[in-house]
Amino acid sequence: MDRYKLLITGGAPLRGETTVFGGKNTSVAVVPAMLLCDEPCVVENLPDIEDIHVVYDMLNLLGAKVDYEPKARRMTVDPRPVNSFHVPYQYTQRMRASYYLWGALLGRCGQCEVGYPGGCAIGARPVDQHIRGLRQLGATVDIDHGYVRATAQRLKGAHIVTDMVTVTGTENLVMAAVLAEGETVIENAAREPEVVDLCDCLNAMGAHITGAGTPVISIEGVERLHGAEHTVIADRIEAGSFLVAGVVTQGDVLVTHCQPSQMEVVLDKLRATGAVLDIGADWVRVRMTGRPKPVSIRTVPHPGFPTDMQAQFMTLNCFAEGTANITETIFENRFMHVPELCRMGAHITIEGHTAIVEGVAQLTGTTIMATDLRASASLVIAALAAQGSSTVDRIYHLDRGYERMEEKLRALGADIVRIDV
Ligand code: EPZ
């Protein structure tokens, strides 16, 4: 796993154009959803990242006929040969979101036996809402020897109110409900664009879902789902990460093939730093001279400020002319980038769920360690603007969600190389 490091020499302003592809979080839901169909499906614009490779492996293991062309960003899934409902832990430990298979397999064949997902660096990541919702839909769900074993004759529609807004919980229950008998209503549903993208894909397959993007999603169960072709939405977090890098390095970066309408709060926060933003239908250009103004943020479910951009804005505030407060309300342990940034000279103190960031004129390069996906992006961005050279270890975290990030950054003028450890 720990085969590569990134060597970065900071100081170069990022200048130029980069593009983003399909989102990690939408792709790891849309691909498993294709198991619900009784015809082949095609998904386009997939990111060529580790998590997609894991989903590919799991679908093959289940017996689906999968043609995957990573460079073409296309996957064709024919679920008809699926002959198993068992996914061993050595697969599910590689990607937490493997729990999407619960809803997809229960909907498809009325049973699943899937390795229980572990927690991860940013928190315990419980899945009680997923399990409770599946039980409300009539499934028998047991956790036994590290596996989730669920069975159901045919799921039956239910009125589900989740205890909190859960993105993958909402998506998992939608997947389970599309072939259930009768109507399902999910209240307190997540409103993320990725939830809407999944529902759009399922509706293209013949599902009857309304209310996606609102707190109440209704699903009228149908007898079958036919094949479809779906292009996943752009990765709004990758786009945001590159825009933050443009601000922090005081550069001029154009991000294309993104969806600004899904990034409004992040773009507003970037404007508040004093950056100049030009925005088109599917592109955003950011220009920055001088140090950013501090911008305080509080992570909340969509359409509020996304927790997946918290670490990147923490880095931005490290360079700001002033003090900012960053409050993380979604995950209990999502400040692990803080000690690494402090080793670079950042002035950050943590009080409960809030980090107080006093901006400094310079950070200095050193050896830093990635701890989770978005933390690794924040450390790369810090190193790009720091004085001197940095080595970023454990970048397998980065590779889970960013496709060859160093190549894109190098094309923007960054001094960054990937080396074998
Ligand atoms: C999704 O995680 C994303 N992952 C996360 O992105 C993202 O940070 C998160 O949503 C919030 O936007 C994928 O889509 C694959 P939640 P998810 O359920 O669904 C609690 C990244 O970096 N909760 O919305 O797991 C949970 O502990 C990743 O791309 C329960 O208590 O997050 C958290 O406090 C990181 N019980 C809160 O709800 C449950 O059954 C929201 O989590 C489910 C969740």
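## Residues around the ligand

In this predicted model, the ligand is surrounded by 23 residues, of which Gln129, Thr166, Thr168, Asp308 and Ile330 come nearest. Sorted by class, this shell holds 11 nonpolar residues, together with 6 polar and 6 charged ones.

Several helices take part in the shell, since at least two of its residues come from each of helix H1 (24–33), helix H5 (128–136), helix H6 (167–177) and helix H12 (373–385). The helix that gives the most is H5, with 3 residues.

## Polar contacts and burial

Three polar contacts of the ligand can be described, each at a computed distance of 2.8 Å. A nitrogen atom of the ligand lies 2.8 Å from an N or O atom in the side chain of Asp128, while an oxygen atom of the ligand is 2.8 Å from a polar backbone atom of Val167. An N or O atom in the side chain of Arg374 is likewise 2.8 Å from an oxygen atom of the ligand. The ligand exposes 830 Å² when taken alone, and the protein buries 87% of that area.

## Packing of H10 and H12

Helix H12, which supplies at least two residues of the shell around the ligand, also packs with helix H10 (residues 310–318). The angle between H10 and H12 is about 25°, and their axes are 7 Å apart. Because angles under 35 degrees count as roughly parallel, H10 and H12 are described as roughly parallel to each other. The crossing in which H10 passes H12 is right-handed.

Conventions
Residues are numbered from 1 along each chain as its sequence is written. This is a predicted model: local features need pLDDT of at least 70, side-chain atom pairs count only at pLDDT 80 or more; totals for chains, interfaces and linings use all residues. Side-chain values use heavy atoms; hydrogens and water are left out. A residue is near a molecule or strand if one of its heavy atoms lies within 4 Å of it. A polar contact is a pair of N or O atoms within 3.5 Å; within protein, one must be able to donate a hydrogen and the other to accept it, and residues adjacent in sequence count only if both atoms are side-chain atoms. Accessible areas come from the Shrake-Rupley method with a 1.4 Å probe; for residues, only the protein chains shown count as cover. Helices (H or I, at least four residues) and strands (E, at least two) are DSSP runs, numbered from the N terminus. Ala, Val, Leu, Ile, Met, Phe, Trp, Tyr, Cys and Pro count as nonpolar, Asp, Glu, Lys and Arg as charged, and the others, Gly among them, as polar. Axes are lines fitted to C-alpha atoms, for helices over the stretch in contact, and angles run from 0 to 180 degrees between N-to-C directions. Angles under 35 degrees count as roughly parallel, over 145 as roughly antiparallel, 65 to 115 as roughly perpendicular and the rest as oblique. A crossing is left-handed if the near helix is turned anticlockwise from the far one by less than a right angle, and right-handed if clockwise.
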